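Thanks for asking me to look this one over. Here is the model, followed by my notes as a friendly colleague.

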Amino acid sequence: MTFTILVIDDESTLRTSLGIGLGAAGYQILTAQSGEEGLRLFDRAKPDLILLDHWLPGIRGDEVLRLIREKDRDIPVIVMTAQGSIELAVNSMKLGAADFLVKPFDLEQLENLVTKGLERVRLKKEVEWLRRQYQEKFQSSGIIAVSEKMKSTLELAAKAAQGTDTTVLIQGETGTGKELLAEYIHFLSPRCANPFVPLNCGAIPKDLFESELFGYEKGAFTGALDKGKKGKVEAAQGGTLFLDEVADLPPEAQVKVLRFLEQKEYFKVGGVEKKIADVRIIAASNRDLKAQVETGNFREDLYFRLNVIRIDIAPLRDRKEDILALFNFFMMKFNEQFSKRFVRIEKKAEEQLLAYPWPGNIREIRNTAERIVLLETGDSVLPEHLARLVGKPDEGDGSGRAAPPWSGLNLDEMEKLYLKEALRLTKGNKTRAARLLGITRSALFYRMDKYGM
């Protein structure tokens with residue numbers, strides 16, 4: 001990363017020596033001999049740092065500083081003067097100078113101040129780069145809000161993001177995009193330059209949960225790695241720890257998470273050194289945690305710790321305005337991936353898409369679009385392409401209408417059907433089946449075990 005420094009000083013010898021010295025240190029140097037010229041260069045070149053002489057012909061240095069600050073409140077400006085005084089230094093700082101330097105000075109002294117001033121600029125550029133990466137990810141992952149419900153959800157997420165340490169609980173059915181929303185909150189938060197670390201609470205055997213969360217020391221237990229292991233909390237230091245499927249935590253694990261949330265301190269398994277955690281917690285559940293508390297399956301005190309800000313993601317059947325937008329989004333995405341050219345959806349096919357309740361939510365609509373674009377030909381999505389979403393005539397309910405294939409099925413039954421279909425399509429390849437379903441391999445094994453598959 002190359003930084004540009006603008007030197008504004010009427011002494012040609014100083015401008016030349018600073019250009020040579022700072023140029024040798026790897027900086028790009030621009031010079032101006034007056035305040036007017038300096039302001040023009042500032043507007044044109046957008047430098048990263050400014051070295052500004054206080055006593056300039058024409059516009060004085062303090063006026064130049066004031067005009068710069070009107071346009072940019074963050075750029076570091078180091079004021080240089082041959083007539084240093086405490087009063088002058090204080091006034092420069094009040095006007096927004098990052099530092100104050102009395103002439104004559106040595107190059108090492110200046111380089112130290114420049115390094116200090118540019119550190120903040122470097123961090124800002126890194127954050128901006130990360131934001132661009134996240135933005136590209138969200139634009140390619142399907143965070144789409146046409147409906148008022150989803151717009152309100154994203155607005156609440158943006159507000160929640162500003163609380164650096166505030167715990168957030170995201171609730172929504174399977175496939176509604178809870179992890180993506182958690183990443184969106186992290187991306188908008190002051191912690192975005194640090195890691196986002198997910199932990200699927202339902203995919204970890206209860207005996208390994210503590211070591212997965214906190215890590216372990218060398219020789220902590222039989223089978224432990226010789227060098228120990230870093231836990232998810234340590235990996236997320238400074239950033240966000242996402243606890244997915246938190247309702248699946250067994251009682252003993254709930255106690256450990258509660259203690260950690262209360263104290264933000266922990267010990268590695270087999271360790272004696274207390275560690276301090278600087279992480280934000282975002283939890284998610286596809287079940288109503290309050291209902292889980294009432295049935296005795298989830299600790300009430302842990303629920304209250306997690307439920308500081310609660311964000312509910314509505315299922316697709318309750319925000320039909322998003323269905324066609326999402327389908328079109330994924331259709332175009334898979335057009336690019338498979339070199340296809342689907343550009344429209346026939347009217348009757350649109351009606352079918354809107355009539356179907358999408359029990360698998362965004363994950364299901366994504367998989368449907370992928371299957372059609374990959375297997376079908378032409379430029380239009382036709383009703384026959386959506387045959388899997390239409391009930392058979394003999395499945396009627398006595399009213400003369402065909403009953404849809406999802407009639408009488410609960411969420412667990414639908415999930416089991418999806419697992420079977422994914423394994424059939426991939427001929428039993430569990431890695432590919434997990435990728436098709438949009439879940440991790442360990443989460444696939446957990447669900448297969450859950451349903452006795």
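The points below go from the whole chain to one helix, then to a few backbone details and two helix pairs.

1. Overall picture. Please keep in mind that this is a predicted model. The protein has 18 helices and 16 strands. Its chain runs to 453 residues, and 46% of them count as buried. If you take the contacts between residues at least 6 apart in sequence, 70% join residues at least 24 apart.

2. Helix α2, the buried side. This helix spans residues 35-45, and its buried residues are Gly35, Gly38, Leu39, Leu41 and Phe42. Looking down the axis of α2, you will find these buried residues within an arc of 165°, so they line one face of the helix. Which elements cover them? The cover includes three strands, β1 (4-8), β2 (28-32) and β3 (49-53), together with helix α3 (61-71).

3. Helix α2, the other side. Turn the helix around and you meet Arg40 and Arg44, which are exposed on the side away from the buried residues.

4. The residue after α2. Lys46 follows the helix and is found in the loop between α2 and β3. This residue is not a glycine, yet its phi is positive, at about 50°. For context, most residues other than glycine have a negative phi. Is Lys46 buried or exposed? Its relative accessible area is 57%, and since over 50% counts as exposed, Lys46 is exposed.

5. A second positive phi. Ser339, also a residue other than glycine, has a positive phi near 55°. You will find Ser339 in the loop between α13 and β15 (344-345). With a relative accessible area of 67%, Ser339 is exposed.

6. A cis peptide bond. The bond from Lys103 to Pro104 is cis, and its omega is near -5°. Pro104 sits in the loop between β5 (99-102) and α5 (107-139). As a reminder, most peptide bonds are trans.

7. Helices α13 and α14. The axes of α13 (residues 321-338) and α14 (residues 347-355) come within 9 Å and cross at roughly 120°. That angle makes α13 oblique to α14, because it lies between the range for roughly perpendicular, 65 to 115, and the one for roughly antiparallel, over 145. The crossing of α13 past α14 is right-handed. Ile323, Leu324 and Phe327 of α13 make the contact with Glu350, Leu353 and Leu354 of α14. By type, the contact residues divide into five nonpolar, no polar and one charged.

8. Helices α13 and α15. Here α13 packs against α15 (residues 361-375) at an angle of about 45°, with the axes 9 Å apart. The two helices are therefore oblique to each other, and their crossing is right-handed. On the α13 side, the contact residues include Phe330, Met331, Phe334 and Phe338. Among those from α15 are Ile362, Ile365, Ala369, Ile372 and Val373. The contact of α13 with α15 divides into 13 nonpolar, two polar and three charged residues.

9. A link between the two pairs. What do the contacts of α13 with α14 and with α15 share on the α13 side? Ile323 and Phe327 are named in the contact with α14, and Ile323 and Phe327 also appear in the contact with α15.

Terms used:
Residues are numbered from 1 along each chain as its sequence is written. This is a predicted model: local features need pLDDT of at least 70, side-chain atom pairs count only at pLDDT 80 or more; totals for chains, interfaces and linings use all residues. Side-chain values use heavy atoms; hydrogens and water are left out. Buried means under 20% relative accessible area, exposed over 50%, partly exposed in between (1.4 Å probe, protein chains only). Helices (H or I, at least four residues) and strands (E, at least two) are DSSP runs, numbered from the N terminus. The arc is that of the directions from the helix axis to the C-beta atoms. Contact means heavy atoms within 4.5 Å. Axes are lines fitted to C-alpha atoms, for helices over the stretch in contact, and angles run from 0 to 180 degrees between N-to-C directions. Angles under 35 degrees count as roughly parallel, over 145 as roughly antiparallel, 65 to 115 as roughly perpendicular and the rest as oblique. A crossing is left-handed if the near helix is turned anticlockwise from the far one by less than a right angle, and right-handed if clockwise. Ala, Val, Leu, Ile, Met, Phe, Trp, Tyr, Cys and Pro count as nonpolar, Asp, Glu, Lys and Arg as charged, and the others, Gly among them, as polar.
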